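Student: I am new to this structure and would like a close look at a single part of it. Could you take me through one hairpin and what surrounds it?

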Amino acid sequence: MKKTLIALGAVALVIGSVWAGEHVVVEANVDVANNHAFGALGSARASNDSVADIGCDIDTTNAGTSIFCGAIDATNNQTMFCTSSGADYIRAAAAINGDSYINFVPDPNTGDCTELDVSNWAGYAPKQ
Amino acid sequence: MRRGLWLSIGLAASMGIAFLVGVCFAPRAASQPPGPKPAAAAPARAATVIDTAALDDHIQQVIRSELAAAKAPGAGGPPAGKNETWTEKRVDDPVSGSLVAAEQGRQIVDTALSSHRWTADDAARFHELRRQMNADQQRELLHLLIPAINRQEVKVDFHKRPYF
């Protein structure tokens with residue numbers, strides 16, 4: 001009975017810490033081996049160094065609209081980018097805000113984005 | 001006998017009426033001497049006159065707009081008293097301008113690939129040139145540069161946007 005109460009208390013503590021406003025910190029990560037980059041904009045902004053960065057630009061020229069997503073991993077001093085002019089990718093990039101977590105995958109041969117995930121969960125540390 | 005007389009009179013009257021109708025309604029060309037058929041040429045000539053007028057009007061409009069563009073500030077025409085080369089003039093043309101930009105962009109990318117560095121100056125110059133390139137030209141150069149950066153063969157040695 002006592003063990004059950006302790007276990008329930010631990011679970012409640014964990015759930016409470018996650019859902020009661022705790023900010024998940026995911027700094028800009030470049031994973032060269034697995035060919036993707038990810039991180040939360042707020043975490044990268046709040047990073048102690050001035051190097052870490054992650055996000056996407058939406059760039060419009062006479063030739064059309066493209067996105068450029070990039071991540072700079074301060075820990076490993078590595079950089080990764082992808083670009084796309086696909087409408088779905090442009091829409092996804094437009095959904096990014098200061099609280100977003102993003103993950104992108106470039107084509108290793110062209111650098112074109114083959115995946116762009118945008119999460120706008122409250123748990124990610126907001127950009128400050 | 002009497003019936004035959006009336007038939008002759010009727011026949012003569014019919015021929016007379018036919019003659020008069022023919023004189024009144026026959027095309028005038030029929031009375032002209034043989035040769036090229038002016039009756040057929042006349043409508044064509046009339047149509048040509050209308051087309052020429054429209055064409056003249058169109059040409060005048062084009063000339064007016066081209067002259068106005070040439071006089072506009074920042075237009076491609078050489079400034080007064082300045083000896084501008086043909087190459088400089090051609091850069092203002094969108095097509096040849098994009099070719100020049102693509103060539104200059106390629107030089108920047110080639111230098112980055114050989115030096116293994118993508119500098120803030122490279123990015124700024126490339127960004128400016130990219131705006132003059134068409135989509136295919138941009139894609140071609142980015143397909144060379146971005147994979148090399150992602151393989152960490154070219155190091156980005158600055159931290160400010162735009163990167164490309």
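Tutor: Happily! Strands S4 and S5 of chain A form a hairpin with four residues between them, and in the turn Asn77(A) has a positive phi of about 50°. Strands here are DSSP runs of E with at least two residues, helices are runs of H or I with at least four, and both are numbered from the N terminus. Before going on, note that this is a predicted model, in which local features need pLDDT of at least 70 and side-chain atom pairs count only at pLDDT 80 or more, while totals for chains, interfaces and linings use all residues. Residues are numbered from 1 along each chain as its sequence is written, chains are lettered from A and ligands numbered from 1 in the order in which they are written, and side-chain values use heavy atoms, without hydrogens and water.

S4(A) covers residues 64–73 and pairs with S5(A) in the antiparallel sense over seven bridges; two strands pair if DSSP finds at least two bridges between them. Across this pairing, Cys69(A) stands opposite Cys82(A).

Now look at S5(A) itself, residues 78–84. Seven of its seven residues are buried, so the strand is largely enclosed by the rest of the structure. Buried means under 20% relative accessible area, exposed over 50% and partly exposed in between, with a 1.4 Å probe and protein chains only. In a regular strand the side chains alternate between the two faces of the sheet. Here Gln78(A), Met80(A), Cys82(A) and Ser84(A) point one way, with Thr79(A), Phe81(A) and Thr83(A) pointing the other way.

Follow Phe81(A) next: it is one of the contacts of Phe164(B), as is Phe68(A), where contact means heavy atoms within 4.5 Å. Phe164(B) is also among the residues with the most contacts inside the largest nonpolar core, together with Trp118(B) and Phe126(B). That core has 24 residues; a nonpolar core is a set of buried Ala, Val, Leu, Ile, Met, Phe, Trp, Tyr and Cys residues joined through side-chain atoms within 4.5 Å. S4 of chain A and H4, H5 and H6 of chain B each supply at least two of its residues, and H6(B) gives the largest share, six.

How values were computed: Lists of a residue's contacts leave out its neighbours within four places in sequence.
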